[in-house]
Amino acid sequence: MQNRFRFFFTLALILLLTAEVSPPAIASRVYRVQPGDTVYQIARWHGVSPANLAAHNQLTRPDFIIPGQTLAIPEPATLVDEKLYTVQSNESLF
């Protein structure tokens, strides 16, 4: 009887722990909201759109974020035909 209880308790604990991990929490970059930050500012700092940041974090009210809140930063979208260039030393815009 005790083994059966232990099995169900372990199974319930595993289910609860795995249910608490949401897909946005598994991100490569995270940002902790500071006092005075806005979704628009955070999105601009990380090169993503505010709508993409809000959708990625499942924010129902993007104008309402709390200092100390952790936001998962999605990878910025790149265009298919976008070509990136790495600036070499001693190069300038001219």
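In this predicted model, the largest nonpolar core is built from twelve residues, namely Tyr31, Val33, Val39, Ile42, Ala43, Val48, Leu53, Ala54, Leu59, Ile65, Leu71 and Ile73. The elements that contribute two or more residues to this core are helix H2 (39-46), helix H3 (50-56) and strand S2 (70-73), and the largest share, three residues, comes from H2.

Helix H2 has two sides that can be read from its burial pattern. Its buried residues are Val39, Ile42 and Ala43, and, seen down the axis of H2, these buried residues fall within an arc of 100°, so they line one face of the helix. An α-helix has 3.6 residues a turn, so residues three or four places apart point the same way. On the other side of H2, Tyr40, Arg44 and Trp45 are exposed. The cover over the buried residues of H2 includes strand S1 (29-32), H3 and S2. After H2 comes Gly47, which has a positive phi near 75°.

Two residues, Leu71 and Asn57, illustrate how separate parts of the sequence meet. Leaving aside neighbours within four places in sequence, Leu71 is in contact with Arg29, Val30, Tyr31, Val33, Ile42, Asn57 and Leu59. Asn57 lies in the loop between H3 and S2, and, with the same sequence neighbours left aside, Asn57 is in contact with Leu71 and Ala72. Asn57 counts as buried because its relative accessible area is 16%, under the 20% limit for burial. Leu11, by contrast, is found in helix H1 (residues 2-19) and is partly exposed, with a relative accessible area of 38%.

| Residue | Location | Relative accessible area |
|---|---|---|
| Leu11 | helix H1 (residues 2-19) | 38%, partly exposed |
| Asn57 | loop between H3 and S2 | 16%, buried |

Leu11 also takes part in a surface feature, since a nonpolar patch of about 420 Å² is made by Phe7, Phe8, Leu11 and Leu15. For the chain as a whole, the exposed area is about 8,100 Å², of which carbon and sulfur atoms supply 61%.

As for the overall arrangement, the chain has three helices and two strands, which follow the pattern α-β-α-α-β when read along the sequence. Of the 94 residues of the chain, 18% count as buried. Among contacts between residues at least 6 apart in sequence, 57% join residues at least 24 apart.

How values were computed: Residues are numbered from 1 along each chain as its sequence is written. This is a predicted model: local features need pLDDT of at least 70, side-chain atom pairs count only at pLDDT 80 or more; totals for chains, interfaces and linings use all residues. Side-chain values use heavy atoms; hydrogens and water are left out. Helices (H or I, at least four residues) and strands (E, at least two) are DSSP runs, numbered from the N terminus. Buried means under 20% relative accessible area, exposed over 50%, partly exposed in between (1.4 Å probe, protein chains only). Contact means heavy atoms within 4.5 Å. Accessible areas come from the Shrake-Rupley method with a 1.4 Å probe; for residues, only the protein chains shown count as cover. Patches are made of residues with over 30% relative accessible area and no salt bridge: like charges are joined within 9 Å, nonpolar side chains (Val, Leu, Ile, Met, Phe, Trp, Tyr) within 5 Å. A salt bridge is a side-chain nitrogen of Lys or Arg within 4 Å of a carboxyl oxygen of Asp or Glu. A nonpolar core is a set of buried Ala, Val, Leu, Ile, Met, Phe, Trp, Tyr and Cys residues joined through side-chain atoms within 4.5 Å. The arc is that of the directions from the helix axis to the C-beta atoms.
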